[in-house]
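Visitor: Could you take me through one part of this model up close? I'd like to start with a single residue and work outward from there.

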Amino acid sequence: MTKVLLSLHVLAAIVAIGPVTVAASVFPSALRRGDRDAMRQLHRVCRVYALLGLAVPVFGLATAGSLGVLGDAWLIVSIALTAVAAAVLGLAVLPAQEAALAGGPSLPARLGMLAGVFNLLWTVVVVLMIVRPGSTTGA
Ligand code: HEM
C-alpha cells in the first residue's frame, strides 16, 4: 500500500508541479512581449495545475501515515516548505498574473523573481524527500 501511495505522490509531483514551474517561469517573457494569448494560457496552466497539485500533499501525508514517519523532522520541514511554496503560488504568483492580465501595473521582473523563489522551494523539498536527513527508514 505504501508503494502505491508513494507512486501516486511522486506522479502527482511530476505531472502537476512540473507544468506550474515551467508556466510560471515563462509567463514573464510573455508579459514582456505583450502576448496576451500566451499569458492567458500560461496563467490557466498555473491555476489548473495548482489545484491538481493538491494531490501531492494529500498522497504525501497518506504515504507518511502509512510509513509512520509523520513526526520526523525532515518531513515536518518538508510540509512547512510545501505550505510556503503553495502560499507563494496562491497569494503572490497567481494574483500578480491576474493583475497583469487585467492590464494593471505589472512587473515582469517581480513575476520572474516569484517564479524563481517558487521553483527553488520545490527543489529544496525534493532534495529533502530524497535525502531525508536523520531518517532511519530505508536507504
Ligand atoms: C505535505 C507535503 C509532503 C509530504 C507529507 C510528503 C511525504 C513524503 C513521504 C512520506 C515520502 C516517502 C519517503 C520514504 O520513502 O521514506 C515522500 C517521498 C517523495 N516525495 Fe514527498 N511529501 C510532501 C511534498 C512533496 C513535494 C512538494 C514534492 C515534490 C515537489 C515531493 C516529492 C517526493 C519525491 C520525489 C519522493 C520520493 C523520494 C524517494 O523515495 O526517494 N513531496 N514524500
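Visitor: How does Glu98 count, buried or exposed or partly exposed, and what is around it?

Guide: Glu98 counts as partly exposed, since its relative accessibility is 41%, and that falls between the 20% and 50% cut-offs. Keep in mind that this is a predicted model. Glu98 sits in helix 4. Leaving out residues up to four places away in sequence, Glu98 touches His43 and Arg47. For a sense of scale, take Gly134: Glu98 is 36 residues from Gly134 in sequence, and their C-alpha atoms are 41 Å apart in space.

Now step back to Gln97. This residue also belongs to helix 4, which runs over residues 73-101. Its relative accessibility is 0%, so Gln97 counts as buried. With residues up to four places away in sequence set aside, Gln97 touches Ala24, Phe27, His43, Cys46 and Leu111. His43 turns up on both lists: Gln97 touches His43, and Glu98 touches His43 as well.

Carry on along the chain and you get to Pro105, in the loop between helix 4 and helix 5. Pro105 counts as exposed, at 85% relative accessibility. Pro105 and Ala23 are 82 residues apart along the chain, with 20 Å between their C-alpha atoms.

Next comes helix 5, and with it the metal. Helix 5 covers residues 108-131 and holds Met129, while His9 lies in helix 1, residues 2-33. These two are the protein donors of the ligand's iron atom: NE2 of His9 and SD of Met129 lie 1.9 to 2.1 Å from the iron. Because His9 is in helix 1 and Met129 in helix 5, the pair ties together parts that are 120 residues apart in sequence. The site has 6 donor atoms, with angles of 81 to 179° among them, and is octahedral. As a reference for those angles, the ideal values for six octahedral donors are 90 or 180 degrees. The two protein donors also have their own accessibility values: His9 is buried, at a relative accessible area of 11%, and Met129 is partly exposed, at 26%.

Just past that, in the segment after helix 5, is Arg132. If you're checking backbone torsions, have a look here: Arg132 has a positive phi of about 45° although it is not a glycine. Arg132 counts as partly exposed, with 26% relative accessibility.

Finally, here's the whole chain for context. It has 5 helices and 0 strands, so you can read the pattern along the sequence as α-α-α-α-α. The C-alpha trace spans about 50 × 25 × 20 Å along its principal axes. Of the 139 residues, 35% are buried. Take the contacts between residues at least 6 apart in sequence, and 76% of them join residues at least 24 apart. The accessible surface comes to about 7700 Å², and carbon and sulfur atoms account for 73% of that. As for charge, the chain carries 9 positive and 4 negative charges, and the mean positions of the two sets are 2 Å apart.

Methods:
Residues numbered from 1 in each chain as written. Predicted model: local features only at pLDDT ≥ 70, side-chain atom pairs only at ≥ 80, totals over all residues. Heavy atoms only, no water. Donors = N, O, S within 2.8 Å, 3.2 Å for Na, K, Ca; no water. Tetrahedral: all angles 85-135°; square planar, octahedral: opposite > 155°, others 65-115°. Helix = DSSP H or I, 4+ residues; strand = E, 2+ residues; numbered from the N terminus. Buried < 20%, exposed > 50% of the residue type's maximum accessible area, 1.4 Å probe, protein only. Contact = heavy atoms within 4.5 Å. Areas by Shrake-Rupley, 256 points an atom, 1.4 Å probe, with all protein chains shown as cover. Lys, Arg positive; Asp, Glu negative; His and termini not counted. Charge placed at Lys NZ, Arg CZ, Asp CG, Glu CD.
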